[in-house]
Structures are given as C-alpha cells and as structure tokens.
Amino acid sequence: MNWAACVSVHLDQTDNHSRPALIIFPKGQTRPMKPIGCCFLVLCSLICNTLYGGQRPNIVFILTDDQGYGDLARHGHPLLKTPHTNRLHGESVRFDNFYVSPSCSPTRAALLTGMHEFRNGVTHTRAPREHLWKEATLLPELLRNAGYKTGMIGKWHLGWDGAYHPHQRGFDWTVQGATHFDPTLVIYDEDDNQRRLQTKGFREDRYFDQAMSFIKAAGDQPFFLYLSTYSPHAPLRAPEEYVAPFRGKVTDDEASYLGMIANIDHNVGRLLDFLEDNLLDHNTIVIFMNDNGVTAGLDLYNANMRGSKCTIWEGGSRAMSFWRWPGKWKPKQVDALTAHLDVLPTLCELAGAEIPPAIADQLEGFSMVPLLEAEGTIAWHENRFLFHHVARWPSGMAAQHRYAMAGVRQGDYLLVRSRPCDDPACTTKVLGMQCQTLRRVEKGSAAANYTRQNAQFHWGVTPPNRWVLIDTKADPGCRTDLAASKPERVSAMAAAYDTWWDDVYPVMVARGGESPLHEATGQGRSTPSSTSLQRRPTQAAPRD
Ligand SMILES: [Ca+2]
C-alpha cells in the first residue's frame, strides 16, 4: 500500500503545503484526481515500488540512556542475563565498532541530523546548549515526507520549549513522562491534541505499551518509532522483581542499575513477541542502541575498555548497534568504523526518503546499507575520520578547550587528548566541572564520576601538549601509547582534527554552542515540565 502515502505527499507538496499530508490518499480519497495527479500517482507508484526492492519497512529504533556497551550478557557481562537482547543480538547485523558521542544530547543531535553535534550547537546536556539548532532538518521530518507515520516516546533532551519540542521536529505523535512509577504520560497526537494519561506501574513498561499502541494505530501506513528510554540513567530505580537478583552481589545503586537494564531486556522481548504475533516482524527493522558510555556499572564491567560516559576514552563512546530485519539481512558482525552519524542516511535509503541536496551536502555520515546487505567483509569508507569532543566547557570558553578531552578516529586508531584546559578561570564557579574532575584525577584522586576507585584508569589524564595514539582493536584498555612509533599517523590525524576544529568552531558558536548556561535551577532538565508543554505553540513556530 505504501505507494499511496507517497502519492499523497507529492500531491500536497504541489499545493505548497508546509507539512505534507500523511493519510493514505486513494484509500480515503477526499478530492477528485486530476490527470496530472494520475500521472504523479503512476510515477510515484513506480518510484516507491522500486525503493529497496519494493519494500518500505517499518522502523523501530530503541535508544537506551546511559547503558554501556558492556552491559549485555553477550558482551561478557558477569551478572546480567539479558536473554531477549541476546536474542536480538543473535538475529542482527551488529556494528561492533560503532561510536556515539560521550553524552546524551550530543548523541541525539548527531543521530537525528547526520551531522556532528557541534554543527547543531549542541555542546552540553544543560539548557540552552542542549537545544538542537532550529534550522536543522531531522530524520523524522525526512521520513514523514516519504509517507511515514512518525512517533517518539520518552527521553528527548534537545530542548522542550516551543519550536524545540519533538512534536515540532517531525514527530506526528509524542509521549513524555519521566516519573519512574505510575507516570502521567503526556501524549500529543497527529491532530495536535494533547491528553494526559495516568498510568500504573513502571515507566519503561508503559513506554513499551505505548509503542505497541502506536504500531497498532499505524495500520497499513509505514511507521518510524523512536523509542528512547530513560533507563538506566540515574535516578536508579526499578521494580524490585528486576533488582532482587542482584542484591547482595553489588551495591544497592548498582543493583538498581542492573535491574533497570533487566527491565529493558524484558520489554525488548515483549516487543519482539508483539511484532511476531502481529505478523510484522518480517517488515519491521528493529534497531537497538545505547547513547553513550557506561555509567553506574563502570566498576562492575566495561568490556575491558577504558573510560565511561563523559570521557574521551574508548569506553566513553563505543556503543551497541544491532540492526535486525528478518529474512532480509543475515546476522553477522561488522567491524567497519561506523557511527551515529550514519543512522540518518541509512534509514533514509531504506525508507526511500529523499534527502534534499542542500541537506545531503552537509551530512557527515554514510549509508550503512552496503554493510547491512553484504555477504562478507567489504571495503567501506576506510579512510573516514570521526571526531569526538566531550565539550561541556564553561560558556564562552570553547577556544580554551580545543584540546581538552578531544579525539579523532580513523580505522582502529584513536588519537586522544584527555586533559583539563589550561585556563585557571575554568572552575566549578563557572560550571567547569569537567576540567575540575580531570585536575583532581591528575593530582591522584581515585574516585570520579561513576567510579569509586578506578579514576586513574577510566579518567586517565594524558601528557600535556601532545596527542596519544591508541590501537583500540588491539588495546581497548588504551594502555599503550603508540605515538612515538607512528609519528606520520599522529601528524595526519592531528592535522585532520585541527582542520575539523577550525571549520566547525564558528558554526558551533553561531548555532548556540557558547550560549550562557542556565544555572542549575531545573532549566537544564532533561525532562519536560508542565509549563514547557503548555508553552508549546499549536502551530509550527517560525524558523528564526
Ligand atoms: Ca545518556
């Protein structure tokens, strides 16, 4: 049926509608079809039926918050069992050298735009530097233009107010509600109606309920569901049945953290069963990812990697990335260097969604479709660079942080500087917590965020005024500096980093990356307040 949605989009675009209609046109035809419309219909039918072999798959994209790459039994975790995510792992194409940003908002900005977060002004998790540049075109907008029904559940963290709200960024339908137990869900539908739904039980259980409702409501229309959990981000709470198996083995906080992951796993199983029971599994791509490095589980297990969330080391940004399409892609591991930047071009190709040239020219990611389809190992953008920066500097001090917690990847190599900046004005008084942490570690502190006694390893500080080179495949613990033995590689990667910084810096500043941070009064929240939702305009806000 999906050619029909495509037809309605193109016809409405000829009427200069700012937001293409989504409802199936021939099935519920509401106006006479002109000859030109018939031509469009035939043309679009041909186009859409040739897209990806005639299939327009549904897409369920699950993004967990603060779960680490190692927080999975299949990745060697000694305590977690995760049978359902293990099953997904076993049935998926697994991108095993897949990288995200070191914290929440930057990752979300990059994966929804296909561009580095700095190009969208996202340099923090605190408002307003969490706000995704208003001019950016997001993945759900592109998929909606291609006839997809778009839904978003859970954590957003790219700005709640006004034009930043996900309902204004391409999602027809959104569900929010961050309270752990008995959350009141705020639901916006595609008719722009808002309603509140008082629920019982645990938040992520209700999120997955809503996911199934959304899928049922989509009917024959292809859908894109962005299901973004708050678990296992702190505060750490989960139903006791999930926490109990870990009590007595680890600290209470760690038990709760693992319990939150066990609950996600339970819900992954529910969703996979639901798709199978409703005969949707063979036409639905399921993607599972985490958004940054490990947090509360760092001292338990980190897949032998150095680093946690908000560090520049390997463990700060390596992520799970499982892509399942039964009957279409054979399960396998892919070792090519891939990233969140690649999600947008990949899904647009799979969905047959056009990326306008002006946007395509700015994309920094590549379609992973050749990797998904290949029978064996293939060459794929082998010389690409990926650039990392923890950011989080005090507003107005980006230039001083050019080399503070920065990294560049190529192939299996990571060129890295894990250092505080050299500016004495960068203190906690101006919200320079990141550099202060590294200064404490440099002076010998054994504790830092997410670790009680392993800060010297996981937050390790590199020597001043030079880069360190790591072969991450041979050395995920990042213990051996190869810089002295590979000076040409260091020079080439360092030059690439400088070119990138010089290019992105003015763009980042112009798009809000240096805006004054709000004080910690709740305005930097990652959850919506009732006022932010009430202020959301009923019409699409003008782009400024
Ligand atoms: Ca996160």
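Here a biologist asks about some strands and a modeller answers.

Biologist: What kind of model is this, and from which number are residues counted along each chain?
Modeller: This is a predicted model: local features need pLDDT of at least 70, side-chain atom pairs count only at pLDDT 80 or more, and totals for chains, interfaces and linings use all residues. Residues are numbered along each chain as its sequence is written, from 1.

Biologist: How many residues of strand S8 are buried?
Modeller: Strands are DSSP runs of E, at least two residues long, numbered from the N terminus. A residue is buried if 20 or more other C-beta atoms, placed from the backbone, lie within 10 Å of its own. Strand S8 covers residues 223-228 and is mostly covered. The buried count is six of six.

Biologist: Which residues of S8 are buried on the side opposite Phe-223, Leu-225 and Leu-227?
Modeller: In a regular strand, side chains alternate between the two faces of the sheet. Both faces of S8 are covered. The other side holds Phe-224, Tyr-226 and Ser-228.

Biologist: Which residue of S8 is the bridge partner of Ile-62?
Modeller: Two strands pair if DSSP finds at least two bridges between them. Strand S1 (residues 58-64) pairs with S8 in the parallel sense, over five bridges. The partner of Ile-62 in S8 is Leu-227.

Biologist: Which residue of S8 stands opposite Ile-153?
Modeller: Strand S4 (residues 149-154) runs parallel to S8, joined by six bridges. Opposite Ile-153 in S8 stands Leu-227.

Biologist: Which strands are the edges of the open sheet that holds S10, S3 and S13?
Modeller: The order is S10-S3-S13, with mixed pairing. S3 (residues 98-99) and S13 are parallel over two bridges. Each edge strand pairs on one side only. The edges are S10 (318-319) and S13 (338-339).

Methods:
Helices (H or I, at least four residues) and strands (E, at least two) are DSSP runs, numbered from the N terminus. A residue is buried if 20 or more other C-beta atoms lie within 10 Å of its own, exposed if 12 or fewer, and partly exposed in between; C-beta atoms are placed from the backbone.
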